[in-house]
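Let's take a friendly walk through this model, from its overall layout down to a few individual residues. Keep the viewer open as you read.

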Amino acid sequence: PNMAAQGVDVSDVTAQVPLDVEGDITVPGAPPEEDEDDFSTLDEPVKETILRDLKAVGKKFVHVLNPLKGSRSLLREWDLWGPLVLCVMVALLLQGDNAADTGAPQFAEVFVILWVGAVVVTLNSQLLGGQLSFFQSVCVLGYCILPLSISLIVCRIILAASAIQTVVLFAIRFVTVLLGFAWSTFAAMAFLGDSQPVNRKALAVYPIFLFYFIISWMIISHTHSDT
């Protein structure tokens with residue numbers, strides 16, 4: 001009915017009806033928001049933050065050393081701290097010890113090769129229809145350098161312990177690097193293999209194989225003693 005025709009003052013009715021001008025903007029289908037206090041780390045001590053990050057990096061190293069148990073946390077909770085540490089360590093150990101090591105790669109060269117190689121392998125995986133994000137793939141490739149890093153440390157110890165490099169010592173270094181290469185490749189495939197389409201899996205495996213092969217070649221051919 002027309003309230004004005006019945007002599008009712010519309011302005012009085014409007015004034016008596018409370019208007020709620022406050023509310024929440026929600027997105028249909030979005031998950032419910034969690035309490036921000038449960039996830040806020042702004043008030044967390046720096047020591048606890050560092051220890052938590054170190055613990056997370058350590059867990060990922062354990063997953064790489066034992067890829068058969070294959071925890072997916074390496075993919076869900078990606079980070080680049082572990083790959084950065086390994087990349088810096090490998091670059092420092094592979095760089096020339098002195099000016100006479102003209103054939104040895106320098107720190108920047110090794111650093112760029114490792115990161116550019118990981119990016120290229122990741123882009124190849126993306127183009128082949130991989131289901132992982134860019135940073136997840138880079139994270140896995142970086143963490144899986146750990147076995148080769150251990151091989152590099154062993155090779156440096158062998159070179160530093162003996163002034164004369166015999167065929168036997170070279171054979172030990174070669175086997176050590178070969179094991180590290182196989183371990184790194186197997187660990188990477190354990191985490192990345194299922195993310196690739198079945199009919200394109202071979203095309204995704206080859207760049208990973210080549211990436212770790214190049215690192216292995218640098219380790220076996222450019223490790224120099226300090227003497």
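In what order do the elements of the protein chain run from the N terminus on? They run α-α-α-α-α-α-α-α-α-α. The model is a predicted one, and its protein chain holds ten helices and zero strands. Of its 227 residues, 34% count as buried. Among contacts with a separation of 6 or more, 74% are between residues 24 or more positions apart.

**The core**

A good place to start is the largest nonpolar core, which has 38 residues. Leu141, Cys144, Ile145, Phe211, Tyr212, Ile215 and Ile219 have the most contacts inside it. At least two residues of this core come from each of helix H3 (46-65), helix H5 (81-94), helix H6 (107-127), helix H7 (134-143), helix H8 (146-161), H9 and H10. H10 supplies the largest share, seven residues.

Ile145 shows how such contacts reach along the sequence. Setting aside neighbours within four places, isoleucine 145 is in contact with Leu86, Val90, Leu114, Ser184, Phe211, Tyr212 and Ile215.

Helix H7 deserves a look of its own. Eight of its ten residues are buried, so H7 is largely enclosed by the rest of the structure. The buried ones are Gln136, Ser137, Val138, Cys139, Val140, Leu141, Gly142 and Tyr143.

**A serine in H9**

Serine 184 belongs to helix H9, which spans residues 167-192. Is this serine buried or exposed? Serine 184 counts as buried because its relative accessibility is 0%, and the cut-off for buried is under 20%. A polar atom of its side chain lies 2.7 Å from the backbone oxygen of cysteine 144. Not counting residues up to four places away in sequence, serine 184 touches Cys144, Ile145, Pro147, Leu148 and Tyr212. Cys144, Ile145 and Tyr212 are also among the residues with the most contacts inside the largest nonpolar core.

**The largest pocket**

Which residues line the largest pocket? They are Phe170, Phe174, Val177, Leu178, Phe181, Phe213, Ser216, Trp217 and Ile220. H9 and helix H10 (201-221) are the elements that give two or more residues to this lining, and H9 gives the most, with five. The pocket has a volume of about 160 Å³. By type, its lining divides into eight nonpolar residues, one polar and no charged.

A general point about helices helps when you view this lining. An α-helix has 3.6 residues a turn, so residues three or four places apart point the same way.

Tryptophan 217, one of the lining residues, is found in helix H10. Its relative accessible area of 53% makes tryptophan 217 exposed, since exposed means over 50%.

**Two pairs to check**

Another residue to find is glutamine 106, in the loop between H5 and H6. Glutamine 106 counts as partly exposed, at 38% relative accessibility. The table sets out C-alpha separations for a pair with this glutamine and a pair with tryptophan 217.

| Residue pair | Apart along the chain | C-alpha separation |
|---|---|---|
| Tryptophan 217 and phenylalanine 181 | 36 residues | 9.6 Å |
| Glutamine 106 and glutamine 95 | eleven residues | 4.5 Å |

Tryptophan 217 and phenylalanine 181 both appear in the lining of the largest pocket, so you may like to display this pair together with the pocket.

Methods. Residues numbered from 1 in each chain as written. Predicted model: local features only at pLDDT ≥ 70, side-chain atom pairs only at ≥ 80, totals over all residues. Heavy atoms only, no water. Helix = DSSP H or I, 4+ residues; strand = E, 2+ residues; numbered from the N terminus. Buried < 20%, exposed > 50% of the residue type's maximum accessible area, 1.4 Å probe, protein only. Polar contact = N/O pair within 3.5 Å; in protein donor to acceptor, adjacent residues only side chain to side chain. Contact = heavy atoms within 4.5 Å. 1 Å grid on protein atoms, 1.4 Å probe; cavity = no way out; pocket = protein on both sides within 12 Å on 5 of 7 lines; lining within 4 Å. Points joined across faces, edges and corners; volume = space filled by probe spheres on them. Nonpolar A, V, L, I, M, F, W, Y, C, P; charged D, E, K, R; others polar. Core = buried A, V, L, I, M, F, W, Y, C linked by side-chain atoms within 4.5 Å.
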